[in-house]
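Okay, thanks for coming, everyone. I'll put the structure up and then walk you through a handful of spots in it.

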Amino acid sequence: MSAKKRRFTSILNSFLRAFFLFVIFVCLNSLIAPKHFTRVDLTRDKLYTITDATKSLVEDLSDNLIIRGYFSEELPHAYAEIPIYVKDILREYEAYGKGRVEIEVVDPARDEKVREFVTGLGIQPFKLQDRDRDKLVVRNCYMSLAVFHLDQHEVLPDMTQMSSLEYELSRAIVKVTKRSLPSIGLLVDSQAVAPAAPNQQGSNPGFSFEMVFQTLQTQYKVQKVHVQSGQKIPENIGTLLIVRPRDLSEREAFEIDQFVMRGGKLAVFVDTVTFDLTKNLAEVRVQSGLEDLLAHYGFRVRDELVLDENHFYIPVLHRQGMMQLQQNLPYPYYLKINKEDIDKTNPVVKKIGNLLLFWASPLEILDDQVNGREVVELVHSSDKAWSATEYDNVFPSTEGGFGYYRRPDEKNRESFLLAAVQIGEFDSFYKGKEVPEVKKPETPSSPGRSGGIPPGLQDQLPPGFQMKGAPGGQAALEAAKKKAAEAAKKSEGLKEKPEDPPPAPPSSLFQDDGPQPLPNKDPVAQPETQTEEDPAHDHPEDEASSPSSKKPIREIIERSPETRILVITDADMVADANFRNAPCYTFVQNTVDWMTLGNELIEIRSRGVEVPTIEEVPESKAFWIKLLTIGGVPFFVLALGFVRWILRSS
Amino acid sequence: MSNTFAVMMKEIRSYINSPIAFLFSSMLLGLIGYLFYMDFFVRPVADVRAMFGTMPILFTFFLPGLTMRLWSEEKKVGTLETLLTMPMKNYQLILGKFFACLGLLVATLVLTLPIPLTVNSLHPLDFGPVIGGYLGAILLGASFIAIGIFFSSITENQFVAFILTIFVGALFTFIGLDVITSKLPFFADFSLLSRFGSIAQGIVDSKDILFYLTFVALFLGLNFMTLELRRWR
């Protein structure tokens, strides 16, 4: 081979090698790496770590998903970090989306067409205050997100808060990708009362469950379930919440059993006894009628109350001569559940810091009925608790020896199970039995309506009882109603509004054991009377309803597919009086999310994302910092060079 | 290995024996500090992402100044032929020069530490993204150095090497701008800027690390081939 030819071959070889190197570079980075990668989040609070649920949500997309952020380019300083964080999180969605997630952030103010488009989506600019040269100005700023998938879209209109972004976004994706979510059924105390109209006597927030209904309605399609006439629980209901079941008939228990057998998920908030807030805490015994059914499933609620050294205090007003004094009395019936007594694995409770239960009963798991199902003990009392069948000082009297409770010896105290869930397949309680007949329901008397507080007792009523839940609860109820109305207006029930922030934390009950402030002295806010939409009632023809006259011809499903049954021995936590307490609200919402959305979507709970703002730095300090960093360090380097030069020259 | 190290030390010595290294370092440090503090007290957030944010553009213009002489000077002074006949492999020469430059960059980056430490004294800083930022800065710098070494090897003229490095470096940086990637998202995969953004945010992704490593390997590989080709001139 001539030298010239060899040279040519070598040059050609080099070019070919360079070309192959380039091809390898392109293939590795655009074809192979995007499919096989791992990401490590170095941030302290794992700010950018999206949960496995979100990852699998975007990984499993069948069609392209577009997430569009609508953010004004110029935002007030307080909000300036938000679009940056949102973009960062969106990039995570994009990274795991295998090319199916497209993200874009635009400023609607810059383009007339975009502005019209977002207005059509219902996105409006926020009026945000900003400081411009010592003047307060109000700017119109866009801060919203929208998710598009095929012909579906979902808008997250308010992105002025960074918390719960992943949760809201993933929920929106679930909604646009899965056309319909299962409905929630709510079966409440047959003696529950409707919230009374403002200024109307007889509101009884301990017996009203309107707030939970309204709150869930902002996120799910919620139906009130009535089975006393032998109606089947509607097939479209995937999760059923039974709140303070009372005197349920055999037939109602049968319908609930068959609901479980169809694979429905069940959460029961059960009371054995409760106390009427409007009647000096008169004892109200509650027979659920589900005792045998629950025992068959492996749950037994003991007809006792748990009292705990780890409890809340209740502010009580009492007269002493001319003076009216307030005293914080220990109230062992209000259980304060600490973090260490809450299960760390189950998504319903694992992120709840603490929980508050009111007049709860001990729960037992009947091992011989569990049949190999997974049992998760969710909530326990502290190990300094005891149980009682006779209730001392339920109404904390200030007469001699107040705050007295018969306490067993330290060694006789124990930790009681208060909530548990079973996951697995269940056998029907009615296997091999007859379908129970429908009984004509008796008309119960409403416990809260007739009462009212005798004027003479007014000053003795513990305000903690009297007031709890009412003012803040009313506000939350109003907010929930408003949301629900908007949601209903926007779509036909399935298109939900983004999750509402939890209602305001409770005022007095949610404090530590220290002194508690007196509740609001304003007149007790009375929840408004409202005409609720009740699909199960309004459309009885939808159900396979069988009037009592008809003989039920029903096949009994004898074994369920894998499903979940949760039992908690306190329904008061769901009553309007207490539902505003953040842990109660979160517990219910987590339960519903976990049962309805399944998987681990619930793990995407809101997390606070805090902007680490530095307090104002004095000008002189700022000057020195700037001087040292901008001037000092470079000067140090130059000085080093100079020394080196001197040394070399010498 | 020892050959690579010897070349590296020789290059580092030649850098610090001339004012280049000190000038390069002090100017880069001054600009990083100035650009960071320009906005910092206006919107005081305990976060040094803005400091890393200035690096792609600063590196685009500064690092070519450091790399332009690596081969061009050897060629110009005629020491290249001697170097190539020495008992060491071409790749050792390339790696030695590459690591010398990278060492200088790392030393400069170490001197930017007072910035995060000062911010930390004002408000506790999340050091995760800071570590990510430095890792990203080193990888980004390594990529610019690799481009620079390659262009220095194809021309005797340092200025031409400088301009070509800026041009190609800027190209690989600016194809990652939002204006471009929103229309041509494919470019984001090959942009030094896009990849850097996510590391500086505190997310270390194996994709990004692989990208930078293959990017450096590509340009060092091209450099290797230009040296091989010299044998046939």
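Let me start with a question: does Glu364(A) count as buried, partly exposed or exposed? Its relative accessibility is 23%, and partly exposed means between 20% and 50%, so Glu364(A) counts as partly exposed. Before I go on, please keep in mind that this is a predicted model.

So, who does Glu364(A) pair with? Its partner is Arg302(A), in a salt bridge whose closest N and O atoms are 3.1 Å apart. Arg302(A) sits in the loop between strand 14 (299-301) and strand 15 (305-308) of chain A, while Glu364(A) belongs to strand 19 (residues 363-365), so this pair ties together parts 62 residues apart in sequence. Now, Arg302(A) comes out at 19% relative accessible area, and because the cut-off for buried is under 20%, Arg302(A) counts as buried.

Arg302(A) has another salt bridge, to Glu304(A), at 2.9 Å from N to O. Both of those residues, Glu304(A) and Arg302(A), are buried. Add Arg300(A) and you've got the network: Arg300(A), Arg302(A), Glu304(A) and Glu364(A) are linked by salt bridges.

Over all chains, the structure holds 25 salt bridges. Another one I'd like you to look at joins the side chains of Arg244(A) and Asp572(A), 2.8 Å from N to O. This pair links distant parts of the chain, 328 residues apart. Arg244(A) is in the loop between strand 10 (237-243) and helix 7 (250-261) of chain A, and Asp572(A) is in the loop between strand 23 (563-568) and helix 13 (582-596). Both ends of that bridge are buried.

Let me zoom out to chain A as a whole. We're looking at 14 helices and 23 strands, and 52% of the 650 residues count as buried. If you take the contacts in chain A with a separation of 6 or more, 80% of them are between residues 24 or more positions apart. The chain exposes about 30,700 Å², with carbon and sulfur atoms supplying 52% of that area.

Speaking of surface, where is there a nonpolar patch? Phe8(A), Leu12(A), Leu16(A), Phe19(A), Phe20(A), Val23(A) and Ile24(A) make one of about 690 Å². Take Leu12(A) from that set: it's in helix 1 (residues 3-32) of chain A, and with 42% relative accessibility it counts as partly exposed.

Over at helix 14 (residues 619-649) of chain A, have a look at Thr629(A). Thr629(A) is buried, at 6% relative accessible area. A polar atom of its side chain lies 2.5 Å from the backbone oxygen of Ile625(A). Leaving aside residues up to four places away in sequence, Thr629(A) touches Pro634(A), and from chain B it touches Tyr37(B) and Ile115(B).

That takes us across to chain B, and to helix 9 (residues 127-154). At 1.5 Å a residue, its 28 residues should span 40 Å, and the end C-alpha atoms are 41 Å apart, which agrees. At the start of this helix, a side-chain oxygen of Asp126(B) reaches to within 3.2 Å of the backbone nitrogen of Gly128(B). And how many of the 28 residues of helix 9 of chain B are buried? It's 23, so the helix is largely enclosed by the rest of the structure.

Okay, that's my tour. Questions?

How values were computed:
Residues are numbered from 1 along each chain as its sequence is written. Chains are lettered from A and ligands numbered from 1 in the order in which they are written. This is a predicted model: local features need pLDDT of at least 70, side-chain atom pairs count only at pLDDT 80 or more; totals for chains, interfaces and linings use all residues. Side-chain values use heavy atoms; hydrogens and water are left out. Patches are made of residues with over 30% relative accessible area and no salt bridge: like charges are joined within 9 Å, nonpolar side chains (Val, Leu, Ile, Met, Phe, Trp, Tyr) within 5 Å. Accessible areas come from the Shrake-Rupley method with a 1.4 Å probe; for residues, only the protein chains shown count as cover. A salt bridge is a side-chain nitrogen of Lys or Arg within 4 Å of a carboxyl oxygen of Asp or Glu. Helices (H or I, at least four residues) and strands (E, at least two) are DSSP runs, numbered from the N terminus. Buried means under 20% relative accessible area, exposed over 50%, partly exposed in between (1.4 Å probe, protein chains only). Contact means heavy atoms within 4.5 Å. The expected span of a helix is 1.5 Å times one less than its number of residues. A polar contact is a pair of N or O atoms within 3.5 Å; within protein, one must be able to donate a hydrogen and the other to accept it, and residues adjacent in sequence count only if both atoms are side-chain atoms.
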